[in-house]
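Here are my notes for anyone opening this one for the first time. Keep the viewer beside you and go through the points in order.

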Amino acid sequence: MTATQSALKRPLTMPKQAKPARQQTSKSASSKPVSNKPTALELLGLPPGQSLGLLKALHIVTREGGINQDSRRKLKQVLHLTQFIRPLIDDIRAKQGGSVSVVDHGAGKSYLGFMLYDWCLKDEPEGVMVAGVETRSDLVEKSRALAQQLGFERAMRFVNLPSAQATEHPDLPPTVDLVTALHACNTATDDAIAFGLKKQAKAFALVPCCQAEVAAMLKQGKASALGKRSLVELWRHPLHTREFGSQLTNVLRTLQLEAHGYQVTVTELVGWEHSMKNELIIARKHQRSNPQAAKRMLALLSDVGLGTDPRILERFFLPDQHQDT
């Protein structure tokens, strides 16, 4: 074997590179690595000023600063509703020198009331009142304690009674600016509307839930109406009775608000993957009354066979001049 062939068979070796000199670092610079991990507020899409203490108290964020996944869906609904409500609040405050009164019906743990106050109102609290109406006394007491803990007690109050009885409660003002109801079950949404109409509310933000009363009324007259009116086919089957009754209930609510002079918008609150109770009704007062809307509501009730039912006429009451129309 020649010297050249022997050299070709030997493995190649790379020259050793000199190790770079170790940089001198101070103890303070090396003690804690910089973390790029997003905060809980960033992960939840919340503004920097949102109170972390409130989120922990509502069990949205854990004590360690992580996210409680069980509460995340509810938070998403509340945040979306807050984004719809904030322009209403800003408009009312601009016209009233900063004051605003908000009453939330079916408040539960008062997620919505606390988030509204913390996000939209706490930085300028003068003239602000946020009230929660709730039937469960334990939740009312917990909300009062939390408001005290967070220093919100001057602006927030909580009333322990059904929405239907809240109109005359001494802790609530004679008139209110904004009425909200997030998933107030069945007729509680109607009670919230009645409360707002009697209190001359300037705006409503409502997400109805589990409306079954109108469906029950449709069911009662279904057998006798079959074969006489083709429209009854819309609710002939039990599933359709429930779904059509729910849809009809919300249509009657919008017509009632329009008859009382409100401009109404109906839209989705969040994606259907987050909640099936997803219909959002926004109403702003813009005229004294709307006689045409009142006539349309009465005509609709007549078409579905409920035009003479005193229960539904009482629940979806119209302005005085249309009561006997």
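1. Start with H8, in what is a predicted model. This helix is mostly covered, with 10 of its 11 residues buried. The buried ones are Ala188, Thr189, Asp190, Asp191, Ala192, Ile193, Ala194, Phe195, Gly196 and Leu197. Have a look at Asp190 and Asp191 while you are there, since both of them are on that buried list; they come back in point 5.

2. What do the buried residues of H8 pack against? Among the strands, the partners are S1 (100-105), S4, S5 and S6. Two helices take part as well, H11 (238-259) and H13 (310-315). Just past the helix, look for Gln200: this residue follows H8 and has a positive phi, near 55 degrees.

3. Now zoom out. The protein has 13 helices and 7 strands. Of its 325 residues, 45% are buried. If you take the contacts with a separation of 6 or more, 74% of them are between residues 24 or more positions apart. The exposed surface comes to about 18,600 Å², and carbon and sulfur atoms supply 51% of that.

4. Next, the salt bridges, 13 in total. One to check is Asp91 with Arg284, where the closest N and O atoms are 3.9 Å apart. Asp91 sits in helix H5 (residues 69-95) and Arg284 in strand S7 (residues 279-285), so this pair ties together parts of the chain 193 residues apart in sequence. Both ends are partly exposed: Asp91 has 30% relative accessibility, and Arg284 has 32%.

5. Two further bridges are worth a click. Asp177 and Lys202 form one, with their closest N and O atoms 2.9 Å apart. That pair links distant parts of the chain, as Asp177 is in the loop between S3 and strand S4 (178-185) while Lys202 is in the loop between helix H8 (188-198) and S5, 25 residues away. Is each end buried or partly exposed? Asp177 is buried, at 7% relative accessibility, whereas Lys202 is partly exposed, at 38%. The other bridge joins Glu233 and Arg236, at 2.6 Å from N to O. Here Glu233 is partly exposed with a relative accessible area of 42%, and Arg236 is partly exposed with 37%. There is also a network: salt bridges with shared partners join Asp190, Asp191, Glu213, Arg253 and Arg315. So those two buried aspartates of H8 are both members of that network.

6. On to the rings. The structure has 5 aromatic pairs. In one of them, the ring centres of Phe114 and Phe158 are 5.7 Å apart and the planes are at 35 degrees, so the pair counts as tilted. This is another link between distant parts of the chain, with Phe114 in helix H6 (residues 111-121) and Phe158 in strand S3 (residues 156-160), 44 residues apart. Phe114 is buried, at 0% relative accessibility, and Phe158 is buried too, at 6%.

7. Compare that with Phe204 and Tyr262. Their ring centres are 5.3 Å apart and their planes are at 70 degrees, so this pair is edge-to-face. Phe204 belongs to strand S5 (residues 203-209) and Tyr262 to strand S6 (residues 262-268), so the pair ties together parts 58 residues apart in sequence. Both Phe204 and Tyr262 are buried. Going back to the earlier pair, Phe114 and Phe158 form one aromatic cluster together with Tyr117 and Phe152.

8. Last, the cysteines. How many disulfides does the structure hold? The count is 0. Why is there no bond between Cys185 and Cys209? The sulfur of Cys185 has its closest cysteine sulfur in Cys209, but the two are 3.9 Å apart, which is too far for a bond; a disulfide needs the sulfur atoms within 2.5 Å. Cys185 is partly exposed, with a relative accessible area of 45%, while Cys209 is buried, at 8%.

Key. Residues are numbered from 1 along each chain as its sequence is written. This is a predicted model: local features need pLDDT of at least 70, side-chain atom pairs count only at pLDDT 80 or more; totals for chains, interfaces and linings use all residues. Side-chain values use heavy atoms; hydrogens and water are left out. Rings of Phe, Tyr and Trp (its six-membered ring) pair if their centres lie within 6.5 Å; planes under 30 degrees apart count as stacked, over 60 as edge-to-face and the rest as tilted. Helices (H or I, at least four residues) and strands (E, at least two) are DSSP runs, numbered from the N terminus. Buried means under 20% relative accessible area, exposed over 50%, partly exposed in between (1.4 Å probe, protein chains only). A salt bridge is a side-chain nitrogen of Lys or Arg within 4 Å of a carboxyl oxygen of Asp or Glu. Contact means heavy atoms within 4.5 Å. Accessible areas come from the Shrake-Rupley method with a 1.4 Å probe; for residues, only the protein chains shown count as cover.
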